[in-house]
Amino acid sequence: MTAMSRMTGAISSDIDTLHSLYKGHGLRRPAYTYAEMQIGLENFSRFLEPYGVKATLFMVGHDFLQPLNAAPIRAVAAGGHEIANHSMTHAQGFRLLAKDQMEAEVAGMEDVCLALTGRRPVGFRSPGWNVGDGAMEILKRRGYLYDSSVHPTSLMPLFKFLHWWNTKNRQGGDRTTMGQL
């Protein structure tokens, strides 16, 4: 029996630091703090450890550039958790980017992840599940094995409306999430 055939479930998490969330929503916040990444990753790993469970962590490349994040990121990678691509800057309107900008977001995160962990991501999730058809050809060409940007639910129209309503005072790119209807 292969490991895949024994898998009864999957755990993934978007590791969006406060920096990427604030930036992705056009907000200003105090300086980046190391404790966000260290404490979050340590707690997440510790929670899963007694169960022998490994997770896929969709991470933002910008966070790899913070020197104090190196140790906790390396630790989760060394602990067997998959680090997947969640873009370089957490561009909230990802599907609205030009193809060259999409490619730069994907490639930038790949580069910093490979440099820090020695591994190149093989999975992708767009910020805010906001992927468009243009990203698929980029991911395929770059050798990605999967995209996890779709968030299928019959409640998606309601979620999109609520998000749109709650962000009515923001620019278009900051208001878009969860892809197209």
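**Reading the predicted model**

The secondary structure of this predicted model comes to eight helices and five strands.

Student: In which pattern do the helices and strands follow one another along the sequence?

Tutor: The chain holds eight helices and five strands. Read along the sequence, these elements give the pattern α-β-α-α-β-α-β-α-β-α-β-α-α.

Student: In which sense do strands β2 and β3 pair, and over how many bridges?

Tutor: Strand β2 covers residues 56-59, and strand β3 covers residues 82-85. Within β2, T56 stands opposite E82 of β3. The two strands pair in the parallel sense, over four bridges.

Student: What is the handedness of the β-α-β unit that β2, helix α4 and β3 make?

Tutor: Helix α4 spans residues 70-78 and forms the unit together with β2 and β3. A crossover is called right-handed if, with the strands pointing away from the viewer, the path from the first strand over the helix to the second runs clockwise. The unit made by β2, α4 and β3 is right-handed.

Student: Which residues of α4 are buried?

Tutor: To count as buried, a residue must have under 20% relative accessible area. An α-helix has 3.6 residues a turn, so residues three or four places apart point the same way. The buried residues of α4 are A70, P72, I73, V76 and A77.

Student: Which residue with a positive phi follows α4?

Tutor: The phi in question is near 95°. The residue that follows α4 with this value is G80.

Student: What percentage of the chain's residues count as buried?

Tutor: The chain has 181 residues. Its accessible surface comes to about 10,200 Å², of which 59% belongs to carbon and sulfur atoms. The portion of residues that count as buried is 41%.

Conventions
Residues are numbered from 1 along each chain as its sequence is written. This is a predicted model: local features need pLDDT of at least 70, side-chain atom pairs count only at pLDDT 80 or more; totals for chains, interfaces and linings use all residues. Side-chain values use heavy atoms; hydrogens and water are left out. Two strands pair if DSSP finds at least two bridges between them. Buried means under 20% relative accessible area, exposed over 50%, partly exposed in between (1.4 Å probe, protein chains only). Accessible areas come from the Shrake-Rupley method with a 1.4 Å probe; for residues, only the protein chains shown count as cover.
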